[in-house]
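Colleague: Could you walk me through this one before I look any further?
Modeller: Of course, here it is.

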2 protein chains.
Amino acid sequence: MARTTPAPSAVPDSAGAFPVTVDVVALTVRDGVLQALVVDRLLEPYRGRAALPGGFVLPGETLEQAAGRELEEETRLTVPAGATGTGPWHLEQLRTYGPLGRDPRGPVLSVAYLLLAPAFGLPAAGGDAAEARWVPVGELRGRSGGARGASLAFDHDGILADGVERARAKIEYSPLAAAFCPPEFTVAELRGVYEAVWGTQLDARNFHRKATGTPGFLEPTGRLGGGGPGRPAELFRLAPGVDPSAAVLHPPLLRPVSPGPAAPSA
Amino acid sequence: MARTTPAPSAVPDSAGAFPVTVDVVALTVRDGVLQALVVDRLLEPYRGRAALPGGFVLPGETLEQAAGRELEEETRLTVPAGATGTGPWHLEQLRTYGPLGRDPRGPVLSVAYLLLAPAFGLPAAGGDAAEARWVPVGELRGRSGGARGASLAFDHDGILADGVERARAKIEYSPLAAAFCPPEFTVAELRGVYEAVWGTQLDARNFHRKATGTPGFLEPTGRLGGGGPGRPAELFRLAPGVDPSAAVLHPPLLRPVSPGPAAPSA
DNA sequence: ACAAAAGTGTTTTGTCTACACCCATGC
DNA sequence: GCATGGGTGTAGACAAAACACTTTTGT
């Protein structure tokens with residue numbers, strides 16, 4: 001244990017220093033389906049393989065800044081600094097993976113972030129990524145063991161699964177489903193978000209009552225929206241002065257109970 | 001920054017390397033009160049100040065191994081490897097803090113872990129810590145701005161608050177409250193855990209019905225326990241084959257709704 | 001006998017679900 | 001008029017809070 005501590009208060013030499021990456025699970029709802037943002041890697045390792053957008057944290061930046069910078073570099077979309085509560089996006093930390101056994105280059109720590117965003121186009125790709133695209137999560141999950149090359153690089157399959165599960169749980173008791181919607185939206189749009197994220201069908205009438213009846217969730221704008229068939233729907237926005245990441249819905253909007261692991265035997 | 005990596009697939013030089021620490025929010029219930037484990041620091045910075053047990057991650061170890069090692073070094077208590085599901089303890093990752101503005105020595109990343117454990121003594125202290133002791137969280141929280149030196153070193157006040165909130169939320173829908181109990185326990189002991197963690201009073205009769213009536217939670221041992229006054233209580237253990245960190249209670253045990261910010265005006 | 005704590009039954013109250021029904025618009 | 005989707009009312013199923021009551025021990 002070689003100790004060389006010239007300064008009275010310094011990081012001890014025995015401590016390791018680790019490269020740190022951020023990886024972003026960016027989710028949106030497009031065409032009524034939950035989709036994740038993936039990029040094709042231009043560099044080794046896993047060159048040509050799909051991966052979550054992300055990259056190394058640079059000296060002098062925070063983890064959130066690194067997440068926003070990587071997203072912008074690889075997908076040309078800008079996440080406002082301190083996205084939590086700003087605008088329609090929501091960025092929160094998911095968890096940390098590593099440092100062992102997840103990168104062939106050696107021990108690397110990865111701090112994963114979860115971004116919930118309304119649907120938007122991808123003007124271009126850049127940085128270390130060849131292409132950025134939305135992929136329905138149903139096309140990525142469940143085939144991790146498949147040989148078709150559809151699984152993601154590194155341990156990103158597991159990170160994506162963790163992010164999806166976090167999103168599913170979080171919209172139950174927080175107003176964060178609105179992060180998938182534009183600033184003003186109808187109750188039907190919001191219901192579509194819940195149905196896409198949970199993969200279930202919800203009763204439109206009961207959902208309307210619960211969503212509009214939950215205090216601190218929706219505020220009517222008075223305007224009407226939608227040009228489709230049927231009666232025009234009222235436009236809502238998130239209740240003002242509410243931090244969507246901190247507020248709690250009372251009562252929560254619980255997902256319908258899945259039938260459970262009933263054995264599909266004879 | 002001496003880099004000797006001629007291999008084609010290497011971490012780019014622009015990537016920073018960060019010292020990484022683990023800090024452990026260890027919670028238990030003693031004397032009917034939720035208590036946290038703190039140590040007194042022997043080294044700078046914050047020498048003499050109370051802090052969460054923790055320290056630097058060493059090369060070649062996982063984050064969980066580092067958390068267990070630091071706990072053992074500073075408090076002489078051993079957390080079995082892969083504590084999740086093993087024995088009565090529960091160790092899970094809380095979140096990651098940093099790297100900027102939290103350590104006077106420079107940018108340091110800290111991965112915080114949450115340990116839920118039954119009450120036990122502290123035979124000794126060691127490592128970089130002068131003394132390890134349990135402190136009721138009520139004596140630590142709320143006085144972060146106080147001048148009495150009761151607040152913790154670094155950003156540990158915030159980490160502790162996050163850990164307490166995680167524990168409070170988690171025992172609602174998971175069997176993890178049993179992690180605070182010995183392997184066999186009575187319903188009253190379990191209720192005491194809920195009351196201590198939530199800081200509320202619960203109806204003993206309704207709690208008994210809900211706890212014993214929740215499938216996949218408690219299993220009766222047939223034995224009786226307790227030597228105090230009154231009728232002896234039945235001893236229970238966690239239902240076998242249940243991973244306390246993954247299982248979900250249906251229905252959940254919800255904390256009583258707090259009255260909310262109702263103005264106590266006339 | 002009394003107190004204290006464990007455990008069960010019952011009533012009341014609220015919430016969720018399912019679905020009947022009306023409203024407002026496009027065609 | 002009729003189809004389509006938006007929004008409200010209502011009855012039964014279900015769960016939770018409140019509390020009376022019995023059981024079993026220590027003193």
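Modeller: About 2,600 Å² is buried between chain A and chain B, with carbon and sulfur atoms giving 69% of that area; buried area is the accessible area, with a 1.4 Å probe, that two parts lose on being put together, summed over both. This is a predicted model, in which local features need pLDDT of at least 70 and side-chain atom pairs count only at pLDDT 80 or more, while totals for chains, interfaces and linings use all residues. Residues are numbered from 1 along each chain as its sequence is written, chains are lettered from A and ligands numbered from 1 in the order in which they are written, and side-chain values use heavy atoms, with hydrogens and water left out.

Colleague: How many salt bridges between chain A and chain B?
Modeller: The count is zero, taking a salt bridge as a side-chain nitrogen of Lys or Arg within 4 Å of a carboxyl oxygen of Asp or Glu.

Colleague: OK, now the DNA: which residues are closest to strand D?
Modeller: The closest are A:R205, A:G230, A:R231, A:E234 and B:R205, out of 22 residues that surround DNA strand D, where near means that a heavy atom of the residue lies within 4 Å.

Colleague: And what does A:R231 do there, in terms of distance to a base nitrogen?
Modeller: A polar side-chain atom of A:R231 lies 3.2 Å from a base nitrogen of DNA strand D, and for a polar side-chain atom of B:R209 the distance to a base nitrogen is 3.4 Å; a polar contact is a pair of N or O atoms within 3.5 Å. The backbone of A:G230 also places a polar atom 3.4 Å from a base oxygen of that strand.

Conventions. A polar contact is a pair of N or O atoms within 3.5 Å; within protein, one must be able to donate a hydrogen and the other to accept it, and residues adjacent in sequence count only if both atoms are side-chain atoms.
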